[in-house]
Amino acid sequence: MAAAGRVARIVIDSALPQLDHLFDYGVPDTLDADVHPGVRVKVPLRTGARMVSGYVVEVLPREQIDFEGELTPIDQVVSTARVLTPAVWALARKLADRSAGTANDILRFAVPPRSVRVEKAWLTAQEAAQEAGREAHASASARPSVAPIGGYGDGLLESAIAAGERVALRTTPGVVRTPEGEWVGQWAVTLAGAAVACWASGRTAIIAVPDYRDLDQLAATLVALAPADAVVRVDGRQTDSERYKAFLGALSGPRIVIGSQSAVYAPADDLGLLIVWNDGDPLHAARQAPYIHTRDAALVRQEQQGGALVLAGRIRSVEAQRLVELGWLRAVDPERAVWPKVILSANQTAEEPVARAARIPSVAWRTARAALEGDEKTAAGPVLIQVARPGYAPQIACAKCGQAARCNRCTGPLGQRRAGSVPSCGWCGALATNWHCDHCEHDRFRLVTLGSGRTAEELGRAFPGVRVIVADGEHPVQSVPDARAIVVATRGAEPVAAGGYRAVLLLDGERMLARETLGVAEDCLRWWTNAAGLAAPGAPTVLVGVSGGLARDFATGRVAEFAHAELADRRALHFPPAVRLASIAGAPDVVDAAVAAVDPALLIDVLGPATVDDATVRAILRFEYAKGQDVATAVRGAIVRNASKRRKAPAGKTGFRPAPTLRVQFDDPDII
DNA sequence: AGCACGCCGACT
DNA sequence: GTCGGCGTGCTC
């Protein structure tokens with residue numbers, strides 16, 4: 001049956017950890033011409049009738065296969081498109097191995113679902129291009145002349161990229177107008193310039209960004225710098241066919257691939273540059289198993305495939321700092337230290353009656369008023385107000401005893417969606433009509449936390465006649481014109497202002513810092529720095545109500561020193577990224593078995609298991625980077641054993657077997 | 001996940 | 001003596 005003695009090694013599309021290895025299938029004569037590494041196939045598994053899909057990973061002569069048994073033949077080749085490239089396969093395998101996950105979980109993310117129409121059109125175009133010869137293909141996207149990348153010394157960044165260096169890059173603040181009249185952050189011009197330089201030399205450049213708004217800025221910048229067919233955009237908002245079209249575009253080689261997390265997995269046999277923008281942003285942490293961080297995927301890919309690696313940001317993440325101190329990354333800072341003008345202000349309410357009514361601190365109010373009115377030197381323009389939370393009043397409390405109001409149904413926080421509305425639950429959305437305090441029975445409430453909507457309302461009263469624009473997750477605003485306006489934005493959702501903001505007020509710094517997570521200081525520094533970077537040259541940024549070392553580092557732009565000190569703290573406490581963590585959650589006996597599977601000699605210690613809820617516990621393993629692979633292998637063994645072992649059905653019930661739950665996550669950023 | 005194999009209780 | 005229960009283990 002298996003003709004020509006050829007054997008295909010195939011990765012099966014299955015979520016089961018025990019099937020996460022290559023299976024050998026015979027290549028029948030009829031399919032011999034179509035079976036190549038990377039094609040999608042259908043193969044029988046266990047029984048002839050049950051077909052599963054998979055990808056061919058490699059094709060070998062029968063003699064080189066260890067498998068002794070009789071080989072089942074491949075049933076069909078789904079399409080001749082070789083969608084799983086060897087480099088992407090190697091990356092998926094390595095990332096799965098080091099996170100105790102399955103390669104399939106990564107491939108589902110890396111290779112989009114097939115869209116037949118899109119694929120047929122692509123295959124036809126590929127054939128036509130091949131017949132027309134190479135020249136026709138190359139001239140379709142004439143390489144543009146490449147402008148030098150400014151701000152880093154003559155050709156410094158270009159030569160680092162050409163040499164395939166690994167770089168921790170700090171970008172300069174400010175906003176720039178594209179030739180098409182769009183305003184984008186200076187960072188986008190720097191990164192796009194680097195990508196175009198790489199692409200012009202005939203290699204693919206990938207830029208992975210945390211947020212689709214960053215993506216829009218990059219795309220707008222690239223319009224003037226590269227031909228449209230050289231740029232491939234991948235993001236979560238695309239339909240399946242759009243995604244597949246973009247994917248096949250990247251597969252057709254050298255391209256500039258820009259996208260959210262999944263861009264880091266884009267096919268590129270000729271990878272010249274891999275950029276992760278704002279690598280410290282929590283949006284780079286995958287929310288699906290095996291929870292691979294974009295930065296980690298980029299680091300592994302660069303190691304496997306070569307090319308330059310750039311972790312870029314206005315600040316430096318603690319993880320990047322670790323790699324700099326290790327000598328793995330070279331720190332590249334702007335030639336001239338440009339830092340926005342930052343004013344630290346106490347959270348003292350203004351004496352002016354209107355500002356007092358709006359509860360705006362004095363310095364902040366005066367700064368905003370000056371910017372909105374303008375003077376001889378500067379025309380009036382937009383003012384950015386950064387707040388911590390969207391909505392109107394995310395939390396209300398009893399007006400009499402002060403107890404926080406909770407939902408009767410789910411105990412979620414009660415808040416107010418707009419002025420005068422009935423309170424509703426922030427978790428389940430239930431309306432609390434006729435609310436009364438369950439502590440003192442009082443029936444009036446007051447607003448505790450203020451969202452962007454409420455802040456906007458107060459500012460509107462404080463500055464009558466000035467347009468107020470709200471920008472948050474619910475009301476996304478990409479850009480605002482160069483005109484008098486108050487722009488109230490939640491952190492991370494700030495629009496770009498044409499010409500830059502005349503003033504930036506960071507109102508809720510104290511509240512942002514109150515979050516109890518390990519990375520809170522870095523997050524705040526990044527949110528503030530990114531907002532301050534949207535200011536016009538020389539325009540003031542006021543940080544309200546925060547003092548101490550972090551505020552001073554922000555005011556003076558000591559971001560490398562901040563990262564260094566933060567890393568030193570983590571070392572002292574044995575917290576990541578000084579060490580690595582793996583969390584193991586599930587039923588108590590399952591977690592115990594998984595922890596027991598790891599040789600204690602590999603670990604620094606085990607925290608827990610601690611109770612999560614009545615059926616679940618969680619243990620945390622701490623270990624050194626050098627032990628990571630061994631820990632992952634041991635944990636993976638436990639996962640496979642657990643998955644193939646059936647657990648007893650609950651008494652009485654037959655046939656129903658609950659899936660044994662075991663959730664493993666390496667390097668969870670919000671674990672502590 | 002499916003699905004077959006396999007080793008102990010009540011049936012023509 | 002066999003039919004069939006579902007616990008156990010494998011899938012090229």
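**Hairpin, sheets and helix packing in the predicted model**

In the hairpin formed by β3 and β4, a single residue separates the strands, and R46 adopts a positive phi near 75°. The structure described here is a predicted model, and this hairpin is a convenient place to enter it. Strand β3 covers residues 40–45 and strand β4 covers residues 47–61; the two run antiparallel and are joined by six bridges. Within this ladder, K42 is found opposite S53 of β4. Strand β3 also pairs with strand β5 (residues 76–77), again in the antiparallel sense, this time over two bridges. Here V41 has V77 of β5 as its bridge partner.

One residue of the hairpin, R50, deserves a closer look. R50 belongs to strand β4. Its C-beta atom has 9 C-beta neighbours inside 10 Å, so R50 counts as exposed, the limit for that class being 12 or fewer. Once residues up to four places away in sequence are set aside, R50 touches P44 and L45. As for distant parts of the chain, P413 lies 363 residues from R50 in sequence, and the C-alpha atoms of the two are 49 Å apart.

Further along the chain, two helices pack against each other. Packed helices of this kind are described by the angle between their axes and by the distance between those axes. For helix α6 (residues 186–200) and helix α7 (residues 212–225), the angle is about 50° and the axes are 9 Å apart. The two helices are therefore oblique to each other, and the crossing of α6 and α7 is right-handed. On the α6 side the contact is made by A188, V189, L191, A192, G193 and V196, while α7 contributes Q217, L218, T221, L222 and L225. What is the chemical character of the residues in the contact of α6 with α7, sorted into nonpolar, polar and charged? Eight of these residues are nonpolar, three are polar and none is charged.

The next element to consider is a parallel sheet. Strands of a sheet pair through backbone hydrogen bonds, in either a parallel or an antiparallel sense. This open sheet has six strands in the order β15-β26-β25-β16-β23-β21, and the pairing is parallel. Strands β15 (341–345) and β21 (468–471) occupy the edges; each has a single partner strand, so one side of each has no neighbour in the sheet. On average, and ignoring direction, neighbouring strands of this sheet are turned by 20° against each other. Inside the sheet, strand β16 (residues 382–387) runs parallel to strand β25 (residues 503–506), with four bridges between them. One residue of this pairing, I385, has L505 of β25 as its bridge partner. Helix α12 (residues 362–373) packs on the sheet, where it touches β15, β16, β25 and β26 (540–544), and its direction makes about 155° with that of β25. A further helix, α16 (residues 549–556), lies across β15 and β26 and runs at about 155° to β15.

The edge strand β15 includes K341. Is this residue buried, exposed or partly exposed? K341 is partly exposed, because 15 other C-beta atoms lie within 10 Å, a count between the limits of 12 or fewer for exposed and 20 or more for buried. Leaving out neighbours within four places in sequence, K341 is in contact with G538, P540 and T541. For P540, the C-alpha atom is 5.1 Å from that of K341, although 199 residues separate the two along the chain.

The last element is an antiparallel sheet. This open sheet of four strands follows the order β28-β29-β27-β30, with antiparallel pairing. Its edge strands are β28 (605–613) and β30 (662–666), each of which pairs on one side only. From one strand to the next, the twist averages 15°. Strand β27 (residues 580–586) and strand β29 (residues 616–623) run antiparallel and are linked by seven bridges, with S583 having I620 of β29 as its bridge partner. Helix α18 (residues 588–596) packs on this sheet and touches β27, β28, β29 and β30, its direction making about 150° with that of β27. Helix α19 (residues 628–644) lies across β27, β29 and β30, and runs at about 165° to β30.

Key: Residues are numbered from 1 along each chain as its sequence is written. Chains are lettered from A and ligands numbered from 1 in the order in which they are written. This is a predicted model: local features need pLDDT of at least 70, side-chain atom pairs count only at pLDDT 80 or more; totals for chains, interfaces and linings use all residues. Axes are lines fitted to C-alpha atoms, for helices over the stretch in contact, and angles run from 0 to 180 degrees between N-to-C directions. Angles under 35 degrees count as roughly parallel, over 145 as roughly antiparallel, 65 to 115 as roughly perpendicular and the rest as oblique. A crossing is left-handed if the near helix is turned anticlockwise from the far one by less than a right angle, and right-handed if clockwise. Two residues are in contact if their C-beta atoms, placed from the backbone, lie within 7 Å. Ala, Val, Leu, Ile, Met, Phe, Trp, Tyr, Cys and Pro count as nonpolar, Asp, Glu, Lys and Arg as charged, and the others, Gly among them, as polar. Two strands pair if DSSP finds at least two bridges between them.
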